[in-house]
Amino acid sequence: MTRTTRPPALDLAARFPAIAAYARTTVRLHPRRGNPTAQDSHLGGPLLWPAGEPWPSCGRPKAFHPNPQQPEATVGVGQFYARDLPELPFPPGTDLLQVLWCPHTHEDLQGSIGPYVQLFWRDSDSITPTTEPPPEPGMLDGDDSRLPLPCVLNPERVREYPWYEELPAELVQALDGLEAEFGVAAGNDQYSYQYSLSIASGSKVGGWVAWSVTDQIPQPCPECASPMDHLLTIDDYEWDGGSLPRWRPIEEDLVDHLADRPTGMDLHDAVRIFVCPVSLDHPVRVDCQ
Ligand SMILES: [Zn+2]
Ligand SMILES: [Zn+2]
């Protein structure tokens, strides 16, 4: 089903031509509850997992766990086929990205605290899928806050502009002037650069990353120090009160209040996954906020 983001209240590039160079396309995933199969792109559905390949476990130290080093089964977060999301940096010969995470809290993620993420880039044609269900995640004590419910995706491409710290000072000043002119402080949220004109809320592929909790944190590759690329954001809420006027799809103006937390997860923060542009064999970085 189509989900359509409302156009911005004004065209920033028409008003400030210098910002055009910072435009990026993100793919809003628009996850919604459904029954995806292993042949579909999805969040929270069954993965096309190769028969005979052991399901990954995580032996990294886990916070709030009685036996922190004990390996625990990871969880399938989602998978993405190149036919739906060609924007993902699929290595030659692959057409399927699978994302798994260990749903426990880890404090050894290079500065971030959250689930431990593993990525698998595969050639779907060469997979003989297993018929075994994945193992149950152990020792969660009923905490299902990082276990996604099955959702189908409704990808939509939208234009984004960066977090203000990634813009030159002249543009930031110009945007401040714009907000004053249109009365953002008085509640005209549709002209708020942060909430309505720059970065899409919700789960998405590519595009810019908001740093509303910490201010911008550089994401150098742990192996080669290259600045890493934002691959994917997994969010629990698709919008909140501040971002709703722009980012709640037009089709859902009056319906589907469930859609603001479609996967049922309660992440407190969005999980943002970064990869190295030099090599996808270099470690993944995760930032949660
Ligand atoms: Zn773990
Ligand atoms: Zn690297």
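## The first zinc site

Start with the zinc ion (ligand 1): along the chain, its donors are spaced as C-x43-C-x3-H. Keep in mind that this is a predicted model. The protein donors here are Cys58, through SG, Cys102, also through SG, and His106, through NE2. They sit 2.0 to 2.2 Å from the metal.

How much of Cys102 and His106 is accessible? Cys102 has a relative accessible area of 0%, and the value for His106 is 0% as well. Buried means under 20% relative accessible area, so Cys102 counts as buried, and so does His106.

## The second zinc site

Now for the zinc ion (ligand 2). Cys221, Cys224 and Cys276 each offer their SG atom to this metal, and His282 brings in ND1, with distances of 2.1 to 2.3 Å. The angles among the four donor atoms run from 105 to 112°, and the site is tetrahedral.

In sequence, the donors of the zinc ion (ligand 2) read C-x2-C-x51-C-x5-H. Two of these cysteines tie distant parts of the chain together: Cys221 and Cys276 are 55 residues apart. Cys221 lies in the loop between strand 11 (204-205) and strand 12 (229-234), while Cys276 belongs to the loop between strand 13 (271-275) and strand 14 (285-288). Both Cys221 and Cys276 are buried.

## Around Ser226

Ser226 is worth a look while you're in this part of the model. You'll find Ser226 in the loop between strand 11 and strand 12, the loop that also holds Cys221. Is Ser226 buried or exposed? With a relative accessible area of 17%, Ser226 is buried.

What does Ser226 touch, if you skip its neighbours within four places in sequence? The contacts are Gln219, Pro220 and Cys221, plus Cys276, Pro277 and Val278. Two residues of that set, Cys221 and Cys276, are donors to the zinc ion (ligand 2).

## The chain as a whole

Stepping back, the chain has four helices and 14 strands. Its radius of gyration is 19 Å, close to the 19 Å that the globule rule gives for 289 residues, so the chain is as compact as a globular protein of that length. Along the principal axes, the C-alpha atoms take up a box of roughly 60 × 40 × 40 Å.

As for packing, 50% of the 289 residues count as buried. Take the contacts between residues at least 6 apart in sequence: 76% of them join residues at least 24 apart. The accessible surface of the chain is about 13,300 Å², and carbon and sulfur atoms account for 52% of that.

Conventions: Residues numbered from 1 in each chain as written. Chains lettered and ligands numbered in written order. Predicted model: local features only at pLDDT ≥ 70, side-chain atom pairs only at ≥ 80, totals over all residues. Heavy atoms only, no water. Donors = N, O, S within 2.8 Å, 3.2 Å for Na, K, Ca; no water. Buried < 20%, exposed > 50% of the residue type's maximum accessible area, 1.4 Å probe, protein only. Tetrahedral: all angles 85-135°; square planar, octahedral: opposite > 155°, others 65-115°. Helix = DSSP H or I, 4+ residues; strand = E, 2+ residues; numbered from the N terminus. Rg over C-alpha atoms; globule rule 2.2 N^0.38 Å. Contact = heavy atoms within 4.5 Å. Areas by Shrake-Rupley, 256 points an atom, 1.4 Å probe, with all protein chains shown as cover.
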